[in-house]
Each structure stands twice: as C-alpha cells, then as structure tokens.
Amino acid sequence: MVSTENPLLQPSPHPYGMPDYPAIEPKHYLPAFHAAFAQHRAEIDAITRVRSMPTFENTMIPLERSGRLLGDVARAFYTVSSADATSAIQDVEAELAPLMSAHQDAIQLDAALYGRISTLHAGLDHMSLDPEQRYLVERHYREMTHAGASLDAAEKEALTELNARLSTLSNTFEKNLLSDTNDLAVVFDSAEQLDGLTDGELSAASRAAEERGLSGAFVVTLTLFTGHPYLSSLTDRESRRRIMEASRVRGRRDNAWDNRPVVLEIARLRARRAELLGYASHAAYITADETAGSPEAVHARLRELAGPAARNARKEALALQAIIDTEAAPFRLAAHDWAYYAERVRAATYDLDRAALRPWFEAERVLRDGVFFAATQLYGVSFTERADIPAYHPDVRVFEVFNEDGSALGLFVLDLYTRDTKRGGAWMNSIVDQSGLRGTAPVVVNNLNVVRPGAGRPTLLSFDEVTTLFHEFGHALHGLFATVTYPHFAGTNVFRDFVEFPSQVNEMWISWPEILASYAKHVDTGEALASDVVERLAASEQFNQGFATSEYLAASWLDQAWHSLSAVQAEEIDDVEAFEAAALADIGLDDPAVPTRYSSTYFAHVFSGGYSAGYYSYIWSEVLDADTVEWFRENGGLTRANGERFRERLLGVGGSKDPLEAYRDFRGRDAEIVPLLERRGLTG
C-alpha cells in the first residue's frame with residue numbers, strides 16, 4: 001500500500017515534523033495528495049453527519065483538527081515547487097493545480113458544513129466563548145460566505161469550473177515566467193563588458209556561465225523585478241541596456257512562454273467570478289475581506305501618493321540628466337541609466353558609494369551578527385544551526401530557535417542562493433504551523449535569490465539584499481512567535497494588507513547603531529563601517545525615493561487596473577501593452593525613465609501568487625510600519641521591554657484577532673500617515 005511506502009504518509013523521523021525530504025521523491029507527492037484529500041473529505045463528512053445541534057465542540061473543534069495531513073503534504077510540496085522546481089516537480093504541480101482547487105471548493109462550498117457554521121454564527125451572543133473562539137466562528141463564516149457557500153447548486157458548479165481554470169492558469173503563468181527568465185539570462189563575452197562589477201560579482205557571472213556550459217563567458221541572471229542590482233555599477237551603457245531590455249521583455253516574446261494570453265484570460269475569469277459572487281470587480285471582492293474594505297479606499301490612497309512621488313521622480317531625473325550633460329557624449333536619460341547615475345548623484349551629494357560597501361556586508365556576519373543579533377536583543381531568542389536536520393536542497397540551512405528561558409520555539413530554515421529551479425524574488429513560507437490544539441511548533445522558511453559567488457569566495461551582499469534579509473526575517477518572526485490554539489490562525493494567516501507590516505518593521509534594525517556596529521565589518525580586516533559612512537547612509541535615505549515610490553505605485557496601480565474591471569470590461573481588453581500604458585497614464589506614472597517595478601507578464605505577485613488586487617498592501621502596511629518605528633524611537637528603541645510588547649500584542653496573536661484591533665492594543669491608537677509621508681519625502 002502507498003501508506004507503507006510513501007514517506008509523506010508516515011510520521012516524520014525528524015524534529016518538529018520537518019518532512020523527510022531525503023526520502024521524498026517527486027513520484028510520492030500526487031499519491032500523498034490523493035490520500036490526504038480522501039482523509040480530509042472523510043473528516044468533514046464526519047462533522048456534517050452529526051445529528052445533534054451544532055456546538056463549538058462538535059463542529060469547530062473537529063473542523064480545526066481536520067485536514068492536518070493535507071496541510072502537511074501541501075506545505076512540504078509547495079516549499080519545494082517554489083524553491084526547487086525541477087521538471088518533475090513542475091509536472092506534479094501542473095496536474096495538482098485543478099485537483100487542489102476542486103478539493104478546496106468541495107470543502108468551502110459544502111452546504112451542510114456551512115449550515116452548521118451559520119447556525120453557530122447566528123447564536124454567537126448566546127454562547128459562552130472566549131474571544132479567540134468567537135473570532136474563529138466569525139472568520140469561518142465570513143470566509144465560507146465570501147468563497148460562495150451561499151450560492152445555489154448551479155452557481156457553485158460554475159464557480160468551481162472558474163476556480164479550476166484559474167488555478168491552472170496561475171501555474172502556467174509561473175512556469176512560463178521561470179522558463180523565459182532563465183532563457184533571457186544575458187550572456188557577455190568579456191569581463192570588460194561588465195566593468196564596474198566587483199570581483200565577487202564577476203566570479204558569480206562566470207560560475208553562472210560555466211553551469212550553462214558557456215566556458216569563458218559571463219552570464220547575468222535576471223531578478224524578478226524590472227531593475228537589476230548590477231545596473232547601479234555597470235559602466236558600459238550597452239550592457240545596462242541589454243540587461244534592462246531582457247528583463248522587460250519577459251513573457252511577451254511570441255514564444256511558447258508568452259504570458260500575455262494568460263494575463264488576459266486570468267483577468268477575464270477573475271472578473272466573471274467576482275460577478276458571480278455578487279461583486280462589481282475582483283478588486284471589490286478581494287478588498288471586501290481586507291482591512292482596506294473597498295477598492296475605492298485603495299485607489300484614493302494610491303492617488304494621494306502618486307502625484308508627490310511622480311513630482312519627486314521628475315526632480316531626481318533632472319539631477320541625473322545634469323550629470324549626463326557634463327559627459328563627453330551626452331544622451332537622454334533612459335530607464336537603464338537611472339540606477340547608475342543615481343549612484344553618481346549619491347556619491348557627489350553624500351560622498352557615498354553603496355556598491356563599495358559590499359565588503360562590509362558579508363552574508364554570514366549579516367545573518368548572525370545582524371539579523372539574529374537584533375532578534376536576540378529584542379526578544380531574547382537564540383539560534384543553533386542543526387546540520388543533522390536535512391532540508392529539501394543541499395544549499396538550505398536549518399536553525400533551531402530557543403526562547404530566552406531555553407525552551408524550544410521552532411525551526412528557521414534559510415535558502416539564500418538563486419538557482420534556475422527557484423522562482424524569482426524573496427519570500428517566507430511555513431512548512432509546519434504552530435497550533436496548541438494540534439500540539440505543533442512552527443517551522444518557517446526564508447527564501448532569497450542572492451547570486452552565489454565563485455568557489456572559495458565570500459558572499460557579499462548589496463545594501464538592498466541586506467534589507468531583504470531583514471525584511472523576510474520579519475515574516476519569519478511573525479511565523480515563529482504567533483502562539484494560537486487553532487491552526488486557522490497560525491503564523492502569518494492574517495489579512496493580506498496587514499501581513500507585510502511585521503516584515504517592514506524589522507527593517508528598522510538594519511541601520512540601528514548597535515545592530516549596524518555588530519554586523520557591518522569588513523570581510524577581510526574586521527574593520528567596522530566608519531561612523532561618518534553610517535551618518536551619510538542615514539542622510540541619503542530619502543534620496544531616490546521619488547523613483548522608488550513611483551515604480552512601486554505604478555505596479556500597485558497596474559494590479560488595481562486589471563482587477564477593477566467588470567466582466568464586460570475585461571472581455572473588451574485584448575492588448576496587454578496598450579492596457580498598461582493607459583493605466584499608468586491615468587495615474588500619472590507613465591514616465592519612460594521610471595518603469596513599473598513589475599510589468600503584467602512577469603508580475604508573479606498578482607498572476608501566480610497571492611497578491612491579486614492586493615499589491616497595494618506593501619504601502620498600506622507601511623503606514624503602520626512607519627508609525628511603529630516612531631513608537632520604538634519614542635520609547636527607547638532596542639529594548640527587551642519594547643520587544644516583548646511588540647511580540648505579545650502583535651506578532652504573538654497571529655490571526656486570532658482583528659489586526660487593526662491588535663495594532664490599537666499595541667500603539668494605543670490608530671496609525672497615522674504622517675511618518676510614512678516624511679519617510680518617503682512626500683510632505684513637500
């Protein structure tokens with residue numbers, strides 16, 4: 001039988017329930033999913049067969065206990081499918097996508113289960129429940145209603161068909177993007193074409209070429225977002241142009257990986273689904289169950305910020321053009337020039353070369369003496385590497401995390417380096433969720449896409465990569481610290497437009513003097529980053545914010561534009577490029593020198609990830625983040641008392657409380673927008 005041969009269907013032999021990845025092969029996943037689907041269905045049927053009136057004990061408790069095997073198998077698989085998607089794993093994911101969609105619909109749209117939860121919801125005021133139990137009933141009722149559980153049978157059938165097709169399309173989008181991104185890696189014949197890169201960056205490009213069988217050449221792989229870290233230092237304008245052009249053409253080359261028809265179909269089907277569910281658009285459907293509440297609220301916020309951001313970007317462009325005009329052969333500033341000349345302005349204005357700071361940001365020291373050290377100072381936690389606990393790839397490292405009193409908290413898994421089988425960007429996910437009901441502790445993963453240097457060379461991070469490491473670890477802390485009874489509320493299971501808040505707050509410690517002094521030491525000499533350099537870094541924080549804010553807002557607006565279409569409007573769109581151009585012109589963010597951070601055909605966050613109609617959540621959460629940073633500064637900064645308050649009242653509650661209520665409990669009031677405007681230089 002499968003159950004005796006499949007390691008996914010056996011208890012894990014490793015601590016914390018870490019899947020037995022060395023024993024798991026691609027062929028094990030689908031049989032495990034089928035077994036888990038059947039078990040979950042049987043668990044739900046056992047709940048709905050109960051003839052007595054629904055109670056919290058006979059409905060909610062077994063509901064929260066159900067689906068454990070499916071959750072374990074799914075988290076084990078999706079961790080691998082995002083970080084090490086071999087062709088065999090991609091084949092599994094393609095077959096799995098409609099099966100998973102159908103199963104989720106079968107549970108969420110189950111009329112008998114919805115009937116029991118509706119009865120409980122209607123009688124909440126007459127039940128003796130604690131706040132977490134009450135909120136659990138409210139959320140299950142809200143989520144099932146939102147998913148379509150109140151529709152009639154014919155409508156549910158139509159909805160299920162839409163969901164199945166959308167799941168397949170999202171998988172297709174991601175697979176196309178990975179293939180086209182790998183195919184478009186830029187090949188250079190000589191090191192001279194990459195003048196400006198460090199020795200470590202050149203060795204990484206040489207290594208990437210060797211891995212592709214291109215001995216003697218240099219390969220620059222593409223990042224998920226439009227720009228590329230190397231654009232800030234490459235002196236050869238043609239090399240910069242080639243990298244930027246390759247990045248921007250992804251998914252729109254009329255080849256087998258063209259994502260334009262996928263984008264159009266996804267937009268149309270999401271609009272049709274929203275209409276079926278009673279909403280004017282997909283954006284209206286999504287925001288109805290987020291803290292924003294409506295697309296109108298989101299649009300108002302984005303428009304409020306777009307005007308000042310665009311004005312600042314135009315001022316910045318003039319400063320860059322002024323430098324270009326002093327050169328022997330002046331030219332008009334283009335998108336591929338911006339990062340390079342921004343660094344020239346930064347050097348002239350602040351006497352600061354951020355590319356030259358890489359030797360002070362050696363990855364291991366940043367991790368242990370920066371990221372981990374900050375967490376220890378704030379929360380008292382400690383970290384021990386566990387080489388005896390295997391992960392899903394040889395590059396991946398596992399750390400056991402302990403509370404200040406020595407009690408075990410969970411596992412932190414770090415997957416730092418890029419590879420052709422890993423999707424772009426950076427993210428956190430969970431392998432095991434914490435739950436008091438199930439008696440499980442958290443296992444969380446951080447993924448980045450840092451280019452691995454040549455053999456024997458240290459990994460030197462850019463300042464942006466340092467920021468990403470701190471950011472993603474903020475998500476990890478949220479996943480590790482959330483201490484809830486019910487798995488429905490575990491870890492980062494909060495509203496999408498709140499989930500980025502803890503990660504953004506964690507970025508504040510990057511430049512906190514005590515933390516920076518701990519990790520920013522020269523890789524060869526151990527020399528600390530000079531205090532005057534630190535001061536110039538701080539002084540330059542608002543520099544280039546016009547560009548940074550504009551490119552982010554442009555992507556957010558594209559997301560809203562696609563997902564604010566009615567079903568009729570979506571059917572009328574047949575040209576992706578023309579739609580993008582019109583949308584960006586509408587909000588005044590159509591500056592050719594400031595391209596959107598993601599264009600539609602490689603906008604994985606919204607067309608294959610979980611941010612559809614929700615990419616605005618970064619700036620939405622940043623309002624809370626900036627307000628929180630102000631609170632820390634007003635209350636003594638890096639102290640255990642402050643850390644405990646933040647952990648207990650925000651990170652520790654997971655999704656068991658309305659997030660804005662949790663924020664008010666922490667801050668003593670609602671967040672104010674002024675700190676964000678000041679941070680991004682949008683007050684003038």
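Start by selecting three helices: H4 (68-83), H5 (87-108) and H8 (153-183). Each one supplies at least two residues to the lining of the largest cavity. Keep in mind that this is a predicted model.

**Stop one: the largest cavity**

Which helix gives the largest share of this lining? Colour H8: it contributes four residues.

Now show the side chains around the space. Select Ser81, Ser82, Ala85, Gln90 and Glu93, which are among the lining residues. Add Asn171, Glu174, Lys175 and Leu178, also part of the lining. Finish with Thr421, Lys422 and Arg423, which line the cavity too.

How much space lies inside? About 100 Å³. Colour the lining by residue type. You will find two nonpolar, five polar and five charged residues.

**Stop two: the second largest cavity**

Move on to the second largest cavity, with a volume of about 60 Å³. Select helices H15 (363-379), H16 (463-481) and H17 (496-506), the elements that give two or more residues to its lining. H17 gives the most, with three residues.

Show the lining next. Leu378, Tyr379, Gly474 and Leu477 are among its residues. So are Pro502, Val505, Asn506 and Trp509. Phe632, Phe646 and Leu651 belong to the lining as well.

How many residues of this lining are charged? None: the lining divides into nine nonpolar and two polar residues. Recall the largest cavity, where five lining residues are charged.

**Before you leave**

Zoom out to the whole model. How many cavities of 30 Å³ or more does the structure hold? Three. A probe the size of a water molecule, rolled over the atoms, shows where empty space is left.

Terms used. Residues numbered from 1 in each chain as written. Predicted model: local features only at pLDDT ≥ 70, side-chain atom pairs only at ≥ 80, totals over all residues. Heavy atoms only, no water. 1 Å grid on protein atoms, 1.4 Å probe; cavity = no way out; pocket = protein on both sides within 12 Å on 5 of 7 lines; lining within 4 Å. Points joined across faces, edges and corners; volume = space filled by probe spheres on them. Nonpolar A, V, L, I, M, F, W, Y, C, P; charged D, E, K, R; others polar.
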